[in-house]
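Got your viewer open and a selection box ready? Here is a short walk through one model, stop by stop.

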Amino acid sequence: MKIIKTVSEMQQWVATVRATAQTISFVPTMGFLHQGHVSLLEAGRQRGDKLVLSIFVNPTQFGQGEDFEDYPRDLQQDSQLAATAGVDVIFAPPAKEMYPNGYATYVDVEGITETLCGASRPGHFRGVCTVVSKLFNIIQPQIAIFGNKDFQQLAVIKRMTTDLNLPVEIIGRPIFREPDGLAMSSRNVYLTAEQRVQALVLSQSLARAKELVATGQTAVADIISQLKTEIDKRPAARIDYVQICHQLTLQDQHTVDNDSVLLLAVYIGKTRLIDNGFLLD
Ligand code: AMP
């Protein structure tokens, strides 16, 4: 397994792979890998001749006062996990390599970026779309794999890929969870033991919402209000959003149907956690 840190070296490697007509599958991440990331790598390993993992804590997707500086990083441990998962190349450029002096080009997807995480993190998806399109251009994958954990991100990337005619197949993979239900996240390391317990309120809200729907409740306003009441009982929890949206448009729904996804963002202490799931399956 190679670790490549410059765009030019990455481009050279891609050119040699493509010269032999081999396919590239690609998993973009911010590193500090966990089993959720590994599940994406395993899916990628099965689909392409070569597997590229990017590890890049992308400054342009973090807002003022967010955790860019504190975001956990451990390239050595990530390399071990990546090697075991069959990664051929880790692309881990420094920020200056991706955004040299004079950098001035950004990719903005309209509409679906304006709700949910887009509303509470202005500029976040502009940063995500910019870096993902740059990575697609550098790595030229035929297949790119993302997690459903970042449900809106996946929808935004699909929109961007279609709109810009990028020749990449976008694949979404299920949320990988801890045995007690907490969605795996690099940010879970921020949680104290007490907060870790309270963080279960996200996955519990999903289970509760499914239960309510299964017993015949379909009025979104009622379901949301019951969930919010439960979440507010956790002293460490502060709701960013709890919404039930159509899976494709991400617009709020009034009544639950087969396209309904519950999406939550809740601060547990200072840590902002997200989770989501379909309500009928
Ligand atoms: P991140 O490093 O957190 O930016 O995530 C990189 C990719 O891994 C994104 O496509 C995420 O949606 C995905 N991912 C993060 N956590 C999980 C998880 N628990 N299960 C599945 N995919 C995940």
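The stops below cover a surface patch, a pocket and some salt bridges. Keep in mind that this is a predicted model.

**Stop 1: a nonpolar patch**

Select Met1, Ile3 and Leu75 and show their side chains. Together they make a nonpolar patch on the surface, with about 240 Å² of accessible area. Now color helix H3, residues 75-84, which is where Leu75 is found. Leu75 counts as partly exposed because its relative accessibility is 30%.

**Stop 2: the second largest pocket**

Next, go to the second largest pocket, whose volume is about 270 Å³. To see the lining, select Glu110, Ile112, Asn148, Phe151, Leu154, Ala155, Lys158, Arg159, Gln247, Leu248 and Thr249. Try coloring that selection by class: you should get five nonpolar, three polar and three charged residues.

**Stop 3: salt bridges**

Time for some charges. Side chains of opposite charge can pair when their charged atoms come close. How many salt bridges does the count come to? With nitrogen-to-oxygen pairs taken within 4 Å, the count comes to eleven. Here are some to click on.

- Pick Arg45 and Asp88. Their side chains meet in a salt bridge at 3.1 Å, N to O. Arg45 sits in helix H2 (residues 35-47) and Asp88 in the loop between H3 and strand S4 (89-91), so this pair ties together parts that are 43 residues apart in sequence. Switch on a surface and check the cover: Arg45 is partly exposed, at 29% relative accessible area, and Asp88 is partly exposed too, at 22%.

- Move on to Asp108 and Arg126, whose side chains meet in a salt bridge at 3.7 Å, N to O. This pair links distant parts of the chain, 18 residues apart: Asp108 is in the loop between helix H4 (95-98) and helix H5 (116-120), while Arg126 is in helix H6 (residues 124-139). Is Asp108 buried or exposed? Asp108 is exposed, with a relative accessible area of 53%. For its partner, Arg126, the value is 36%, which makes Arg126 partly exposed.

- Finish with Glu230 and Arg234, where the side chains meet in a salt bridge at 3.6 Å, N to O. Add Lys233 to the selection as well: salt bridges that share partners join Glu230, Lys233 and Arg234 into one network. Within that network, Glu230 is partly exposed, with a relative accessible area of 34%.

Conventions: Residues numbered from 1 in each chain as written. Predicted model: local features only at pLDDT ≥ 70, side-chain atom pairs only at ≥ 80, totals over all residues. Heavy atoms only, no water. Patch = residues over 30% accessible without salt bridge, like charges linked within 9 Å, V, L, I, M, F, W, Y side chains within 5 Å. Areas by Shrake-Rupley, 256 points an atom, 1.4 Å probe, with all protein chains shown as cover. Helix = DSSP H or I, 4+ residues; strand = E, 2+ residues; numbered from the N terminus. Buried < 20%, exposed > 50% of the residue type's maximum accessible area, 1.4 Å probe, protein only. 1 Å grid on protein atoms, 1.4 Å probe; cavity = no way out; pocket = protein on both sides within 12 Å on 5 of 7 lines; lining within 4 Å. Points joined across faces, edges and corners; volume = space filled by probe spheres on them. Nonpolar A, V, L, I, M, F, W, Y, C, P; charged D, E, K, R; others polar.
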